[in-house]
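User: I would like to go through this model, beginning with the ligand and moving on to the strands. Please keep the answers short.

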Amino acid sequence: MRYAHTVDTVRKAEGGLMARLPDGTLMRRAAAGLAAVCARMLPRTYGARVVLLVGGGDNGGDALYAGALLARRGAAVRAVPAGSRVHEGGLAALRGAGGRTVPAPGAQGIADSPAAADIAGADLIVDGLVGIGGRGGLRAPHAGLAALAGAAEAPVVAVDLPSGIDPDTGAVTGPAVRADVTVTFGTHKPGLFVDPGAAHAGVVEYVDIGLGPELPGPRLECPQHADIAALLPRPTAESDKYRRGVLAMAVGSDRYRGAAVLAVGGALRMGVGMVRYAGSQGAVAEVLHHWPEVVASVLDPMDPVGSLPRRVAAWVVGSGRGLHPVAAAELETVLDSPRPVLADADAITLIGKDPRLLRDRSAPTLITPHAGELARLLPGTEREDIEAHRLDHAARAADEYGCTVLLKGSTTVIAEPGHPAVANPTGSPLLATAGSGDVLAGMIGALLAGGLTPREAAVCGAYLHGLAARVAHDGAAISASDLFDAVPRAVAALSPR
Ligand SMILES: NC(=O)C1=CN([C@@H]2O[C@H](COP(=O)(O)OP(=O)(O)OC[C@H]3O[C@@H](n4cnc5c(N)ncnc54)[C@H](O)[C@@H]3O)[C@@H](O)[C@H]2O)[C@@H](O)CC1
Ligand SMILES: Nc1ncnc2c1ncn2[C@@H]1O[C@H](COP(=O)(O)OP(=O)(O)O)[C@@H](O)[C@H]1O
Ligand SMILES: [K+]
């Protein structure tokens, strides 16, 4: 698991540790880790042209000390200060090691400055403009230097985080550095895992500076292969189809038969004891045509709600089900059940119209909105606000509705009251294709039926859904049905033999 803490927490933890250590210890540790990553990225340190973009704070200090270490190993290191203030100790160290400074470019004519030529000709660019002290998009002249770095061919290494991204939320509200690698110190910062910040961070490398014992619980978690492998329910010798879990699915309709086929397929390929599908005649026929292993029943038109399956381990409801009164009555009945319920798509819209449906419920519940659906649950918010601040909105919905929320999108985040939020690292734009959300609902439903909590099921489901898209992708586009065969392969990829 990777853990991320907010700026306030990092500052407090650093304060505690610094008070017990000689001055400059933490910065030296950070710089040593940073220099090691830089050296690994260069074919050869000796003679390599390294350009440091240096802001006025300690982030610039880290870059300068790392630059000094690289200069001692023979790199030609140039520091470009973004303003008149520069970390003095770092600058002295760099100069002492043979590194040089290039005059700070003025706000005008930045592209013609000597610094621009150095940046264009560099083998490696180190972004030490701002770190956790950064607020908002980059201002001049930092923004101009970030643009020059973006146009250069050399890889960019961000110090602590890409300058210009919000450390706590991943929001990017103006110019920001796009890094190939980010070297982060002490703990990860939430913005490194949540888009749009995550997309600016590239590969994130962590450097331990001894902060661990000072840190409280994280704000955000980011699972890795081993965490998912440890959570997944696996059938044992004692398993039978009932013990593995029976999943009831009220998804799809005559109009959206595909939603039923996709969600049921997601559940089956994730692994479940049995799927009990209930729906219209047309949807049942389609489901059985694709998945003969399903126990399916056609809802009685005279008593649709009364004919829903009973004695099941978990429910998935809503994907492609419709918003008509029968769907609303069905949702109310499902949410009356003491079993875990995943409410997706149309069920979320119905909950938005009648929030009492969820607020009255105490059994485990997971909702899986995309940003547009979440906006319907949080009056006064727009889809764009949610996409720019995913963590805050998912957490707010979890608190207001007292349930687990999986917010879909470029970074899928999972929030549950009383727990750190989770950012899924496997997401891929390949998944932005109709029906892939239905497959996800089925996958998570299977995990709920298998006994995972809503938070665990959401975390595992989102992770494997993203991994399945990557596994299925052989260069061409994928569609939602391609995920079926890829899900077992994604599970296998968790624990390579
Ligand atoms: N505090 C510590 O113990 C440690 C801190 N470290 C480094 O110190 C960094 C934090 O240093 P600071 O607190 O000095 O802050 P930063 O170096 O992140 O930034 C502060 C400076 O950036 C300017 N600035 C902020 N937002 C800007 C924007 N949008 N455009 C242009 N300029 C902007 C501010 O005016 C200020 O001069 C960390 O990210 C990390 O790299 C590491 O050395 C490890 C130890
Ligand atoms: N840009 C993106 N990057 C990564 N994943 C995405 C992106 N856009 C959408 N997704 C994922 O694709 C799936 C789409 O689900 P959803 O919006 O419910 O669509 P549908 O209802 O058509 O299946 C979700 O898992 C979502 O997280
Ligand atoms: K930085």
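User: How many residues surround ligand 1?

Analyst: This is a predicted model. The closest residues to ligand 1 are Gly57, Asp58, Asn59, Gly131 and Gly133. The whole set around ligand 1 numbers 27 residues.

User: Which helix gives the largest share of the shell around ligand 1?

Analyst: Helix 1 (7-18), helix 2 (25-41) and helix 3 (58-72) are the elements that each give two or more residues to this shell. The largest share is four residues, and it comes from helix 3.

User: How many residues of the shell around ligand 1 are charged?

Analyst: The shell divides into three classes, with ten nonpolar and eleven polar residues. The charged residues number six.

User: Why is strand 5 largely enclosed by the rest of the structure?

Analyst: Leu124, Val126 and Gly128 point one way from strand 5, while Ile125 and Asp127 point the other way. Residues on both sides are buried. Strand 5 (residues 124-128) is largely enclosed because the number of its five residues that are buried is five.

User: Which residue of strand 5 stands opposite Leu52?

Analyst: Strand 2 (residues 49-54) runs parallel to strand 5, and five bridges join them. Within this pairing, the residue opposite Leu52 is Val126.

User: What is the handedness of the β-α-β crossover from strand 5 to strand 6?

Analyst: Strand 5 pairs with strand 6 (residues 156-159) in the parallel sense over three bridges. Ile125 stands opposite Val156 in strand 6. Between the two strands the chain passes through helix 6 (residues 142-151), and the crossover is right-handed.

Key: Residues are numbered from 1 along each chain as its sequence is written. Chains are lettered from A and ligands numbered from 1 in the order in which they are written. This is a predicted model: local features need pLDDT of at least 70, side-chain atom pairs count only at pLDDT 80 or more; totals for chains, interfaces and linings use all residues. A residue is buried if 20 or more other C-beta atoms lie within 10 Å of its own, exposed if 12 or fewer, and partly exposed in between; C-beta atoms are placed from the backbone. Two strands pair if DSSP finds at least two bridges between them. A crossover is right-handed if, with the strands pointing away from the viewer, the path from the first strand over the helix to the second runs clockwise. A residue is near a molecule or strand if its C-beta atom, placed from the backbone, lies within 6 Å of it. Ala, Val, Leu, Ile, Met, Phe, Trp, Tyr, Cys and Pro count as nonpolar, Asp, Glu, Lys and Arg as charged, and the others, Gly among them, as polar.
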